[in-house]
Amino acid sequence: MTRYARITGTGSCLPPQRLTNADMVAMLAPRGVETSDEWIVERTGIRARHFVADGVYASDLAADACRKALEAAGAAASEIDLIIVATSTPDMVFPSTAAILQHKLGIAGCPVFDVQAVCSGFIYALTVADSLIRSGTASKALVVGSEIFSRLLDFNDRTTCVLFGDGAGAVVLEASDTPGILATDIHADGKHTGILCVPGHVSGGQILGDPLLKMDGQAVFKLAVGVLEDTARTVLAKAGKTTEDIDWLIPHQANIRIMLSTARKLKLPQDKVVVTVDEHGNTSAASIPLALDHAVRQGKVKRGDTLMLEGVGGGFTWGSVLLDF
Ligand code: UT7
């Protein structure tokens, strides 16, 4: 009998502080940084984002999302035998945020590690977890995307600081006789490092370089629309499916224009696209599991639906997962 990996529960966490575009305008004005609700909505679709309070870390958001996912799956934390956290904003340089999360969930012993593929992180993490479950190495995994991008933002740079937010999303992924994940597809091209990066590092007790987010938005936009169509078609071909089999497209939530352009290219109606970028902004590796959990809890995504998850981001990295929910 074929062994598959299947999502049995989803959960998410948004920090309570919600900032509208008007709040951002007011926050940036004293710095002499001009922006407007009209510009942000028209160019990105973003209306609000959530920022954490001081003292809150990626593992805290992850723990909350995981507890909700475990509850939805009807599983106890003690049953978990693998934790993978996708994050570019870890609590510490080391150990991994997954190790800190494991302890916060009150468990020990199972393998845990972080995956760093920026906004494609959740797609990478799900792909790795799928492989480990299908190979028999794990049976019940927590796969998490958790990010605190507000701490990487340069609030003097209007081209980036209005785009990102904080949050976490998690799924319980279990071994199953029925699919499950149907196919996965992940890629990277490191020559594009410079178009989306945080070019700083820790050395000799100091931060060297610039530890704030830099993005060439137009370059990222152009690459994103191309690779998202390619990976969608590749993963469909791997699974022997067509776009007509897709019930919901759940893309990385960076820009509504990129998401709708992907849908158009795949000839998918707009109402099959799960959109949360308006309320969450771009939460990097957290955006896909956050969007999935919101769609599940709103009753949009139902058991048996076929979902196309797609991510793209710094690295440059991109990829997709096709699954039966
Ligand atoms: O998560 C990883 C993936 N990331 C992405 O997918 C992001 C991809 N890129 C994008 O989403 C878009 O490129 C942006 C939203 C970042 C920018 O949109 P755009 O339509 O490419 O705008 P632009 O960079 O061409 O800028 C147009 C104008 C510029 O003014 P001038 O030079 O035409 O006078 C900018 O200075 O908009 C100006 N501008 C702003 N104005 C008001 C840039 N940011 C702002 C702002 N408020 N926040």
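Select glycine 180 first in this predicted model, and you will find this residue in the loop that runs between β7 (166-176) and β8 (181-188). Show the backbone here, since the peptide bond leading from proline 179 into glycine 180 is cis, with an omega near 5°.

For a second bond of this kind, move to phenylalanine 316, which lies in the loop between β14 and β15 (317-324). The peptide bond from glycine 315 to phenylalanine 316 is also cis, and its omega is near 0°. Such bonds deserve a stop on the tour because most peptide bonds are trans.

Next, select valine 118, in the loop between β5 (112-115) and α5 (121-134). Its phi is near 50°, a positive value in a residue that is not glycine, whereas most residues other than glycine have a negative phi.

Now turn to the ligand and display the residues around it. The surrounding shell numbers 24 residues, and the closest of them are Thr35, Arg158, Gln218, Asn255 and Asn282. Colour the shell by domain, and you will see that domain 1 (4-176) and domain 2 (181-324) each contribute at least three residues to it. If you colour by residue class instead, the shell divides into 11 nonpolar, nine polar and four charged residues.

Which elements should be highlighted as suppliers of at least two shell residues each? They are α2 (37-44), α6 (158-161), α7 (217-239), α8 (256-265) and β14 (306-313), and of the elements around the ligand it is α7 that gives the largest share, with four residues.

With the ligand still in view, bring up three individual contacts. At arginine 43, a polar side-chain atom lies 2.8 Å from an oxygen atom of the ligand. At glycine 217, the partner is instead a backbone N or O atom, placed 3.0 Å from a nitrogen atom of the ligand. At asparagine 255, an N or O atom of the side chain is 2.7 Å from a ligand oxygen atom. Taken on its own, the ligand would expose 950 Å², of which the protein buries 75%.

To finish, switch on a surface for the protein and look at the space that the ligand takes up, which is the second largest pocket.

Technical notes. Residues numbered from 1 in each chain as written. Predicted model: local features only at pLDDT ≥ 70, side-chain atom pairs only at ≥ 80, totals over all residues. Heavy atoms only, no water. Near = heavy atom within 4 Å. Polar contact = N/O pair within 3.5 Å; in protein donor to acceptor, adjacent residues only side chain to side chain. Areas by Shrake-Rupley, 256 points an atom, 1.4 Å probe, with all protein chains shown as cover. 1 Å grid on protein atoms, 1.4 Å probe; cavity = no way out; pocket = protein on both sides within 12 Å on 5 of 7 lines; lining within 4 Å. Sits in = over half its atoms within 2 Å of the grid points. Nonpolar A, V, L, I, M, F, W, Y, C, P; charged D, E, K, R; others polar. Domains from an automatic or database assignment.
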